[in-house]
Amino acid sequence: MQTDTNKDIELKRLSGDENYYNRVFKKTEKIVSVIFYILSETKSTKGTEMHVQSIKDRALKTHELSLETLSLQPHEVKDGLLKFQYGLLALESTLRIAQMAGVIPRDIFTLLAEQLDAVMRYTNNHFLHSDT
């Protein structure tokens, strides 16, 4: 009698988690898209140039970090999500500085900060603190 010792190994990645994909990845993608739209409508002057470029760089980096989370191996998830969250915090901080410098209106900053916070909280509550 022959037994089949080949077993399929199933790796659960965040890309396969519909809630993560929709509530974290796609939401982050939308936030970054809105940021680029806002920046495209922002009048460029010597005073705003540095802030705009800094925001663009942070937004792109945050999007890249979000993309990276989709392919994390199960043992990499916690560190990868923490790195992604640091990217979210850096983006929010850069937006806050630009808002204080008068580059981004306060109401727009508040909206973006609330959305970034929602992604952060969802990630914390459903993916980082679920095993503790």
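## Glutamate 92, a charged residue under cover

Glutamate 92 sits in helix α3. With a relative accessible area of 17%, glutamate 92 is buried, because the cut-off for that label is under 20%. Keep in mind that this is a predicted model, so read every number here as computed from predicted coordinates.

What does glutamate 92 touch, once residues up to four places away in sequence are set aside? The list is Phe109, Ala113 and Leu116. Those three also turn up among the buried residues of α4, and α3 is one of the helices that the buried residues of α4 pack against.

Glutamate 92 has a charged partner too: arginine 96 forms a salt bridge with it, and the closest N and O atoms are 2.5 Å apart. The two are four residues apart in helix α3, so about one helical turn separates them. Arginine 96 is partly exposed, at a relative accessible area of 41%, while glutamate 92 counts as buried.

## The other salt bridges

How many salt bridges does the structure hold? There are three. As background, side chains of opposite charge can pair when their charged atoms come close.

In helix α1, the side chains of lysine 26 and glutamate 29 meet in a salt bridge, at 2.5 Å from N to O. These two lie three residues apart in α1, about one turn of the helix. Lysine 26 is partly exposed, with a relative accessible area of 25%, and glutamate 29 is partly exposed at 24%.

Over in α4, arginine 121 forms a salt bridge with aspartate 117, with the closest N and O atoms 2.7 Å apart. Being four residues apart in that helix, arginine 121 and aspartate 117 are separated by about one helical turn. Arginine 121 is exposed, with a relative accessible area of 51%, because the cut-off for exposed is over 50%. Aspartate 117, at 35%, is partly exposed.

## Overall layout

Stepping back to the whole chain, there are four helices and zero strands. From the N terminus on, the order reads α-α-α-α. Buried residues make up 37% of the 132 residues.

Among the contacts with a separation of 6 or more, 74% are accounted for by residues 24 or more positions apart. The accessible surface of the chain comes to about 8800 Å², and carbon and sulfur atoms hold 51% of that.

## Helix α4 and its packing

Helix α4 covers residues 106–128, which is 23 residues. From its first C-alpha to its last it reaches 31 Å, close to the 33 Å expected at 1.5 Å a residue.

Which residues of α4 are buried? They are Phe109, Leu112, Ala113, Leu116, Val119, Met120, Tyr122, Thr123, Phe127 and Leu128. These pack against α1 (18–40) and α3 (77–100).

## Helix α2 and glutamate 68

Helix α2 has 24 residues and reaches 36 Å from its first C-alpha to its last, close to the 34 Å expected at 1.5 Å a residue. Its buried residues are Thr48, His51, Val52, Ile55, Ala59, Thr62, His63, Leu65, Ser66 and Thr69. The cover over them includes α1 and α3.

Glutamate 68 also has its place in α2. At 38% relative accessibility, glutamate 68 counts as partly exposed. Its C-alpha atom is separated by 8.5 Å from that of phenylalanine 84, which is 16 residues away along the chain.

## The nonpolar core

In soluble globular proteins, nonpolar side chains tend to be buried together. Here, the largest nonpolar core has 33 residues, and Tyr20, Ile35 and Leu95 touch the most other members. The elements giving two or more residues to this core are α1, α2 (46–69), α3 and α4. The largest share, nine residues, comes from α4.

Isoleucine 35 is worth a look in the viewer. Which residues does isoleucine 35 contact, leaving aside its neighbours within four places in sequence? The answer is Ile55, Ala59, Leu91, Leu95 and Leu112. Of these, Ile55 and Ala59 are among the buried residues of α2, and Leu112 is among those of α4.

Note on methods: Residues numbered from 1 in each chain as written. Predicted model: local features only at pLDDT ≥ 70, side-chain atom pairs only at ≥ 80, totals over all residues. Heavy atoms only, no water. Expected span 1.5 Å × (residues − 1). Buried < 20%, exposed > 50% of the residue type's maximum accessible area, 1.4 Å probe, protein only. Contact = heavy atoms within 4.5 Å. Core = buried A, V, L, I, M, F, W, Y, C linked by side-chain atoms within 4.5 Å. Areas by Shrake-Rupley, 256 points an atom, 1.4 Å probe, with all protein chains shown as cover. Salt bridge = Lys/Arg side-chain N within 4 Å of Asp/Glu carboxyl O.
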